[in-house]
Amino acid sequence: MASIFSLLSVQVLANSPVSVSAIVGNLNKPTDIKITSPAYLDAINQTEYLESGSALTINLSFTDTDSTDLYYTITPSVGAVSEEFGGPISNSATLQFTYLSPTTVSSPNQDITIAVNDGSSVASKVIKLYIY
Amino acid sequence: MKRSSFLLLLVFITAYVLGFIYSPDHNNVEVSTKYRNLNTGEYVSDSSSIKKGDLLERLLIVENKGENAIDNINVSDKSLIGEKEYTLNLNAGQTEIIREKIVLNSDLEYLSDEIDVDGNNKLITDLSVNVEEIELDNSFFSISDISAERIDNNFDSYFKIFGENLADISDVFFQCNSHVSLFPINKKSDTEITLLIESNTLKSGSCEIGLVYNSVSYFSNKQVIVTLNKTNNSNLVLKRIVPNIANSSSDSLLILQGKGFSDVVAIQIDNGVVLSLNFLKKLSDTTMVVNIPKGLNSGEYFFRFLTEGEVVSMENLKFKIVENEV
């Protein structure tokens, strides 16, 4: 029976060059989601302060280097968006949607979740909202 | 039991029942009604002139004038709005106001109310009004289309009205049976009106769409069907599966849109396969990713959501598992 120590560490001693080859699996890179407008929302932890009963237009870009068909969803915690889902779309796409805030909210802190499915992984971005 | 004892018991029971029905506390309940013309902002009185097409708001005011709280006040209300029943609990001195809106689309001479409290008639009114028969002039604006013919009442909905000369429309209303809901406009141009229809504000069924222009309400020729797309009483609602197709020969990721996902601890496919949290990725309370493992038989399935207290079947939405696709 192999010693547990031999399983944990492998040492190779050689007095001449050794050729090592390895096969690296096809590592998928998730889709890059960028908020192009308003651009400040692309930074982490930025909040959009929005009046109740108003509208906000947001522009997005999706870029994926290793997948061809993307599916996306845009889901607000309250209120509604003009584009709730779509796909398949190309791996380099832009998208514009409008968010409508409700007239009353139980809590001012709300969000919009954007998710993009490239078939192998799902990338996401959350837009924080403060509705007053 | 002696006959006299039995009679005495009967007298006590009768007195108790009558005492409950005609409780002095319930006599302290007072009701009144008011009608307000939302196009003019004025309360409607006997001398008021209202026009066909006016949007009326009706207030039913129920007050506890007594010094004790009263529970289970049964109010029966017959009026222009229809026949309604309410059960109210009022603290001492508390007033409850029930608001309803209706578009005046028929010829009336009286706005009448008949209100019973706990079976006793409390109010009968006949408010004499003069309804002007005017030709509604909506030639200034026109509606050509709407963005959806169905609305899911579980969620806030994005709704658009397309047409001409819409920039001066002040509000949009939906009349579902006799129930009217008035919505402010979030965004508008001459050719488009965009508004948010908040969840649970419309009554299920067919709804007429109307516009308020120059303080007068006009019905359009458009209708929407409002659905309550739920198969259960849970707060968990599944709205969409994106994409709604998975592959039997490889793992597939599906995005779920809905609400109440924070409480989900596992998902069961209706073929019995349970997907633990290892197969789920919650992005928020409204968005969740589920990994459908390879090897499942092709077919059409729905999800059951498992929380700590309940199992909620989402039979309203199905997804497919297919061979060699996606």
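## Exercises: two chains and their strands

The rule finds 13 residue pairs in polar contact across the interface of chain B and chain A, both residues at pLDDT 80 or more. (A polar contact is a pair of N or O atoms within 3.5 Å; within protein, one must be able to donate a hydrogen and the other to accept it, and residues adjacent in sequence count only if both atoms are side-chain atoms.) This is a predicted model, in which local features need pLDDT of at least 70, side-chain atom pairs count only at pLDDT 80 or more, and totals for chains, interfaces and linings use all residues; side-chain values use heavy atoms, without hydrogens and water. Residues are numbered from 1 along each chain as its sequence is written, while chains are lettered from A and ligands numbered from 1 in the order in which they are written.

### Exercise 1. Confidence

State the average pLDDT of chain B and find where pLDDT stays under 50.

**Solution.**
- Step 1. Take the average: chain B has a pLDDT of 85 (pLDDT is the predictor's confidence in each residue, from 0 to 100).
- Step 2. Take the share: 87% of the residues of chain B score at least 70.
- Step 3. Look for the weak stretch. In chain B, residues 17-22 stay under 50. The model has 3 contacts for that stretch beyond four places in sequence (contact means heavy atoms within 4.5 Å).
- Step 4. Add the scores of the model: ipTM is 0.82 and pTM is 0.72.

### Exercise 2. The interface

Describe the contact of chain B and chain A by residues, area and salt bridges.

**Solution.**
- Step 1. Count residues. Chain A gives 35 residues to the contact and chain B gives 24 residues.
- Step 2. Take the area. About 2,200 Å² is buried between chain B and chain A (the accessible area, with a 1.4 Å probe, that two parts lose on being put together, summed over both). Carbon and sulfur atoms give 61% of this area.
- Step 3. Find the main contributors in chain B. B:Tyr158, B:Asn186 and B:Leu253 lose the most area to chain A, together 25% of what that side buries.
- Step 4. Find the salt bridges. The rule gives 2 across this interface (a side-chain nitrogen of Lys or Arg within 4 Å of a carboxyl oxygen of Asp or Glu). B:Lys239 and A:Glu84 meet in a salt bridge through their side chains, at 2.8 Å from N to O.
- Step 5. Name the strands on the side of chain B that touches chain A. β13 (157-164), β17 (192-197), β20 (237-242), β22 (252-259) and β26 (287-292) of chain B each supply at least two residues. β22(B) provides the largest share, 4 residues. (Helices, H or I of at least four residues, and strands, E of at least two, are DSSP runs, numbered from the N terminus.)

### Exercise 3. Two open sheets

Give the strand order of an open sheet in chain A and of one in chain B, and explain what the edge strands lack.

**Solution.**
- Step 1. Start with chain A. Its 4 strands run in the order β1-β3-β7-β5, with antiparallel pairing. β1 (32-37) and β5 (80-81) of chain A stand at the edges with a single partner strand each, so one side of each has no neighbour in the sheet.
- Step 2. Look inside this sheet. β3 (residues 55-63) and β7 (residues 92-100) of chain A are antiparallel and joined by 9 bridges (strands pair if DSSP finds at least two bridges between them). A:Asn59 has A:Gln96 in β7(A) as its bridge partner.
- Step 3. Go to chain B. The order of its 4 strands is β11-β13-β17-β16, and the pairing is antiparallel. β11 (142-146) and β16 (187-188) of chain B are the edges, each with a single partner strand, so one side of each is left without a neighbour in the sheet.
- Step 4. Look inside again. 6 bridges join the antiparallel strands β13(B) and β17(B). B:Ile161 stands opposite B:Ile193 in β17(B).

### Exercise 4. Hairpins and a salt bridge

Which residue in the turn between β18(B) and β19(B) has a positive phi, and which residue does so in the hairpin of β8(A) and β9(A)?

**Solution.**
- Step 1. In chain B, 8 bridges join β18(B) to β19 (residues 216-227), and the two run antiparallel. B:Cys207 stands opposite B:Val224 in β19(B).
- Step 2. β18(B) and β19(B) form a hairpin with 2 residues between them, and B:Asn214 in the turn has a positive phi of about 55 degrees.
- Step 3. In chain A, β8 (residues 109-117) pairs with β9(A) in the antiparallel sense over 9 bridges. Their hairpin has 4 residues between the strands, and A:Gly119 takes a positive phi near 100 degrees.
- Step 4. β9 (residues 122-131) of chain A also runs parallel to β2 (residues 47-50) of chain A, with 4 bridges.

Now explain how the salt bridge of B:Glu57 and B:Arg99 ties parts of chain B together.

**Solution.**
- Step 1. The closest N and O atoms of B:Glu57 and B:Arg99 are 3.3 Å apart.
- Step 2. B:Glu57 lies in β4 (residues 55-64) of chain B and B:Arg99 in β7 (residues 95-103) of chain B, so the pair ties together parts that are 42 residues apart in sequence.
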